[in-house]
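Biologist: I am new to this one. Please take a close look at where there is room inside it and describe what lies around that room.

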Amino acid sequence: MLAGKKILVLGVANQKSIAWGIAERLHQNGAELALTYVNEAIEKRLRPLAETISCNNVLPCDVSSDQDLDNLFAELGSRWGRLDGVVHSVAFAEQDDLKKPFSETCREGFKKALDISAYSLIGVSGRAKRLMPDGGSILTLTYLGAVRAVPNYNIMGVAKAALESSVRYLAADLGGQNIRVNAISAGPIKTLAASGIPQFKSLLAQFAEKAPLRRNVTQEDVAGTALYLLSPLSSGVTGEVVYVDCGFNIIAM
Ligand code: 0WD
């Protein structure tokens, strides 16, 4: 479905990352990928994973640095000359800000969470569009905590609200260039980032009990919808937040 397509994937930290499930599925469907790492520790884990999908484009990028973003897109420009898709699967909040009562969130923690988890999509999209003269698809990952007050999600919820709003403004801005921008709102999955959220285990258990499909969401569930949103199957879909959460968001009691 994606033969010949060139897709950048940001946010593979290890095998359990949502972005890794997506990368594998895109590779199986013929896409050529570039993967990024934020630091040396992640690079060590990423390189062997990249080999399993014959990916030679493993590049550094800390999304909080404009210089890193410039370097990344300059490198992609010289390697590929164009880009068909981007998967933005990156988020960060200080542990302290997830543990404290929300009303005690500090200014620095707010800025950092919003910068890395929300602004970065704008920074990435603005650069990606220059490599997408024939259009493309940009996808990010969000969570229900953007629109509901989920215990312990705190500042990440505010960052995800900004991210979801950015998806709509980016979709409106870039639609004229046939660039689509969408988000997947995934149910909870046990990953490195998720392990930083207090009482995540209990969240998983309650989720499986209450979700209409009576189970937790898997990497594969999210990867399937990501494939759809990056492929021509979703050619008329932009600015959307698509829930891949076994139906959890529709439940009130
Ligand atoms: O339950 C979950 N796991 C859900 C995750 C439910 C719904 C949404 N999401 C979202 C997350 O908020 C995030 O946006 O999915 C996205 C991917 O998260 P993940 O797959 O759950 O987590 P992980 O495997 O840890 O990947 C996120 C990675 C970072 O990992 P660590 O754990 O090292 O912070 O984002 C990367 C990093 O590799 N990252 C950065 N990349 C570039 N620049 C930066 C940065 N400054 N900071 C973090």
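Modeller: The second largest pocket (an open set of 1 Å grid points with protein on both sides within 12 Å along at least five of seven lines) has a volume, the space filled by probe spheres set on the points, of about 300 Å³. Of its 18 lining residues (an atom within 4 Å of a point), K5, D84, G135, G136 and S137 are the closest to the centre. By class, this lining has 7 nonpolar, 6 polar (Gly included) and 5 charged residues. The model is predicted: local features need pLDDT of at least 70 and side-chain atom pairs 80 or more, while totals for chains, interfaces and linings use all residues. Residues are numbered from 1 along each chain, and side-chain values use heavy atoms, without hydrogens or water.

The structure also holds 1 cavity (a 1.4 Å probe fits but cannot get out) of 30 Å³ or more. About 40 Å³ of space lies in the largest cavity. Its lining consists of Y143, L144, S185, A186, G187, P188, F207, Y243, D245 and F248, which divide into 7 nonpolar, 2 polar and 1 charged.

Then there is the ligand. Around it are 26 residues (a heavy atom within 4 Å), of which S17, D62, K160, I189 and T191 come nearest. This shell has 18 nonpolar, 6 polar and 2 charged residues. In the side chain of S17, an N or O atom is 2.6 Å from a ligand oxygen. For the side chain of D62, the partner is a ligand nitrogen, 2.8 Å from an N or O atom. A193 has a backbone N or O atom 2.9 Å from an oxygen of the ligand. Alone, the ligand exposes 860 Å² (Shrake-Rupley, 1.4 Å probe), and the protein buries 89% of that.

Methods. Polar contact = N/O pair within 3.5 Å; in protein donor to acceptor, adjacent residues only side chain to side chain.
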